[in-house]
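Reader: I am new to this structure. Please take me through one part of it closely, and then show me what lies elsewhere.

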Amino acid sequence: MNEYTARRTPVQRGVAAWNAILGPQPAAPVLDENIIADFCIVGAGFAGLSAARRLRQLVPDARIVVVEAGRVAEGAAGRNSGFMIDLPHDLASEDYAGVGDDQQVMALNRKAIGFAAQAVAEFGIKADYFDPVGKVNGGAGDAGHGHNVSYAAHLATLGEPHEVLDAQQMRELTGSQHYVSGLYTPGTVMLQPAGYVRGLANGLTAQGVEIYEDSPVTAIRKNDTSWEVITARGAISAGKVVLGVNGHLESFGVAKGRLMQLFLFAMMTEELDGEAQVKLGGANRWGITPSDPMGTTMRRIDSGQGGHRIVTRTCAVLRPGMRAIHSDLARAKRVMTRKFDQRFPQVKGMEMEHVWAGHLCLTLNGVAVAREIEDGVFSACVQNGLGTARGTLTGIAAAEAAAEVPSEIADFFAKEDPPKRLPPRPISDIGANAVLRWREFKARAE
């Protein structure tokens, strides 16, 4: 292809709460001229910024330009749950157990975590934004407990450390009597995702990487010796281009009919006052993923991460147009409020300050699209709902491929099968959403 035209630009529903609680950012630098660069990266999320950092390491004298459609940390990077997970975490499974080479996947995930940890140290990112404290899978009933038992057995076969928590231990951790068991694993990093991404962007800027915001790309065109990345008010002529746009890869005409565009939903409480904290009990900071992947994720954060608050995340809907609709958000808020009240009846009815939707992208066979898609154009996309670790990895892979250096990570993604084609619409839309609702119903206690 000589031209990639963006059919859509990102549309966000609700405030990116992780970013909002950190306070305002400086005014956005907007691309308003035509410039020349060695590398142009489209997207300033985990993938795009990781690609920029790896390129700066590999080609220190290169001119590296990043263009972002919105503001840094306002997109998917500021809308996830902030779990950077090292273990197998297959969202299509019953209990997260992987179906591939788990040892290789864990090794790569740990490379991503190590890469991020080095960035935290190098750029002086606040330690509270990158907390290697581990996480807990929470089981709320017999089925959930069974998933924990099953996953614990799988971890044992892998030789991975874990600890089973009983109901009393879960109560002491969370302040909730909802959970009957937990499965603690130590390797997960709990992020303040917007804080981490902001810190990464600031550190890269200090190293000479140019980051332009509020500059959505409308087209990418091949010239005689370079690619022209076009925005509304300016353009970048670059020898190589990295697309770190996750599901919006399809907007540029790549992998059409092969990507599942999903939205998950979350809400965040207002700041917990002293009385509410006493009523809640439990620890000030923890993260619970549901034992069933279609259950409800909960996080509690403290003043070091943006205030004493609780985050609830659940509900999923397929929207091939890449836009959640207002009724999706309204329904999700009702469901999440009910689940919050079930877990914390001692503060039932608490006001929620923010409710939002977050876009993610999956493939039927769980593969990424992280490869050279045309001479000089590299994709770091399709994170399969694991954007913090997998996005970091695809960004590294794209950078190493673009810099033409040997790369274990790029080789891993290059060997993956292509994404499977989806059934024709509207059959795929109706079927997928029916399956999501059924799985959500089955996991309603979790």
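Author: First, a term: contact means heavy atoms within 4.5 Å. The model is predicted.

Start with Met-84. Leave aside its neighbours within four places in sequence. Met-84 is then in contact with Phe-46, Ile-113, Ala-116 and Phe-130. Its contacts also include Gly-187, Thr-188, Val-189 and Leu-191. Thr-388, Ala-389 and Thr-392 complete the list.

Met-84 belongs to the largest nonpolar core, which has 50 residues. Within that core, Met-84, Phe-130 and Tyr-196 touch the most other members. A second core of 30 residues is separate. Tyr-4, Trp-227, Val-229 and Ile-373 are among its members.

Now the sheet. It is open and has eight strands. Their order is β7-β8-β6-β15-β16-β17-β14-β18, with mixed pairing. β7 (163-166) and β18 (352-362) each have a single partner strand, so one side of each is left without a neighbour in the sheet. On average, neighbouring strands are turned by 25° against each other, direction ignored.

Look at the β7 edge. β7 and β8 (residues 181-185) run antiparallel, joined by four bridges. In one of the pairings, Leu-165 has Gly-182 in β8 as its bridge partner.

Two helices meet this region. Helix α5 (residues 167-174) packs on the sheet and touches β6, β7, β8 and β15 (286-290). The direction of α5 makes about 85° with that of β7. Helix α4 (residues 142-158) lies across β6 (135-139) and β8. α4 runs at about 30° to β8.

How values were computed: Residues are numbered from 1 along each chain as its sequence is written. This is a predicted model: local features need pLDDT of at least 70, side-chain atom pairs count only at pLDDT 80 or more; totals for chains, interfaces and linings use all residues. Side-chain values use heavy atoms; hydrogens and water are left out. Two strands pair if DSSP finds at least two bridges between them. Axes are lines fitted to C-alpha atoms, for helices over the stretch in contact, and angles run from 0 to 180 degrees between N-to-C directions. A nonpolar core is a set of buried Ala, Val, Leu, Ile, Met, Phe, Trp, Tyr and Cys residues joined through side-chain atoms within 4.5 Å. Buried means under 20% relative accessible area, exposed over 50%, partly exposed in between (1.4 Å probe, protein chains only).
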